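Thanks for making time this morning. I would like to walk through one structure with you, taking a single side chain to begin with and then widening the view.

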Amino acid sequence: MAKNIEFVIKPTLRCNGACSYCNVAETGSFMGKPVIEATFRSLAEYLGRNPLDEVTILWHGGEPTLMGEFFFQEVLGLQALISDHRVEHVMQSNLTCMTPALADTLCELLKGGGIGTSVDPFSDYRRLKSGEPYPERWYEGFELVRSRGFRVGMVYVVHGESVGLGKSIYHYFKNVGVDSLTLIPLEEPAREFEGARLDAPSWGKFLLEIYRAWEEDRAMLPVEPFVTWAHFAHDKDSPRCGFPEGLHCCEPTVAVAPTGDVYPCVRLLDVGSGAIGNLVVDSLEKILTRPDALWRSQRRDLLRQGECASCRWWDLCAGGCAAACGFGRKTVWCEGYRLFFEAVNE
């Protein structure tokens, strides 16, 4: 059976940002030429043996644009090893390091793919190490990539100060001109965080606030998880069957660290736990046959045998983020999801 593989490449875990709630344990290494070459050779060999499989490469970090235009020009050369139609490139970036030359190079690499980004319009949790104002530098980068024709999706981290501002947040992002909005609850930051935390009931309350604004606006701005949930409500046989899939947390996921170490999940890479191989010495095919490569589906099977067995909302939540909650535990946001689902289905 053909597979869609999410291939997350983190060429660096370094970042020019100093966001209060970042959950990446920042380290100083950058991906060298031997690792990026081994990564693309391994991917090309795998696709040669699995001609029906398709791959989405997500460039992530840290801040991937710190690698500069010459690194991505080298990637363009390596891309020639792979048939273009079978690989889509996308990127997650804070956009504050974007330059015209880099944007031009990324136009060639990403082609029709989009860029995900983040900004927090109503708090100062997102900052730059340089001391420059994050919102202004972000908007300059946003305008630059929009001028090059990129689709830009917003990833918004919901924290305690977000609650009560759902409608304002929805209309801010709609008016600023992003192409989509994805909502992520604040998980455990990698550094000390003294800001307003989010609890499960508040997550449910925020979802309801922004859902009402989205509904009143006739869903003009695509918002996840609402788009996925609405799609599922109308087509229960659809393969897009839950929040993790709606956030493109697919299986298998191959998350590649600057050293070439491979993890089955981006979050596990961020904390340096649970590597299942290294692309410099292991083939991709070998890595994907390891049992831990399919740990999400194993976890879902386990939860369905236990406390989630009778939950009427299982198809919409699917147990939540496996890395954030743990292998044998359901999502910490369960109460919030229940509050939301019951409110919109009453």
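Let me begin with a polar atom of the side chain of Arg 86, which lies 2.7 Å from the backbone oxygen of Asn 50, and please keep in mind throughout that this is a predicted model. The same side chain also reaches the backbone oxygen of Pro 51, at 3.3 Å. As for where we are in the chain, Arg 86 sits in the loop between α2 (68-79) and β3 (87-92).

What is the nearest side chain of opposite charge to Arg 86? That is Asp 53, which is 6.4 Å away, and Arg 86, although buried, has no salt bridge. If we leave aside neighbours within four places in sequence, the residues in contact with Arg 86 are Leu 47, Asn 50, Pro 51, Leu 52, Asp 53, Glu 54 and Val 55.

Turning now to the nonpolar interior, the largest core has 79 residues, and those touching the most other members are Phe 7, Trp 59, Phe 72, Phe 173, Leu 183 and Phe 226. Helix α6 (residues 200-216) contributes the most to this core, with eight residues. Another core, of 14 residues, lies apart from it and includes Leu 58, Leu 269, Trp 295 and Ala 322.

Finally, in helix α5 (residues 166-176) the buried residues are Gly 166, Ile 169, Tyr 170, Phe 173 and Val 176. Seen down the axis of α5, these residues fall within an arc of 145 degrees, so they line one face of the helix. Among the elements covering them are α4 (134-147), β5 (152-158), β6 (180-185), α6 and β7 (223-224). After α5 comes Gly 177, which has a positive phi, near 105 degrees.

Methods: Residues numbered from 1 in each chain as written. Predicted model: local features only at pLDDT ≥ 70, side-chain atom pairs only at ≥ 80, totals over all residues. Heavy atoms only, no water. Helix = DSSP H or I, 4+ residues; strand = E, 2+ residues; numbered from the N terminus. Buried < 20%, exposed > 50% of the residue type's maximum accessible area, 1.4 Å probe, protein only. Lys, Arg positive; Asp, Glu negative; His and termini not counted. Salt bridge = Lys/Arg side-chain N within 4 Å of Asp/Glu carboxyl O. Polar contact = N/O pair within 3.5 Å; in protein donor to acceptor, adjacent residues only side chain to side chain. Contact = heavy atoms within 4.5 Å. Core = buried A, V, L, I, M, F, W, Y, C linked by side-chain atoms within 4.5 Å. Arc of directions from axis to C-beta.
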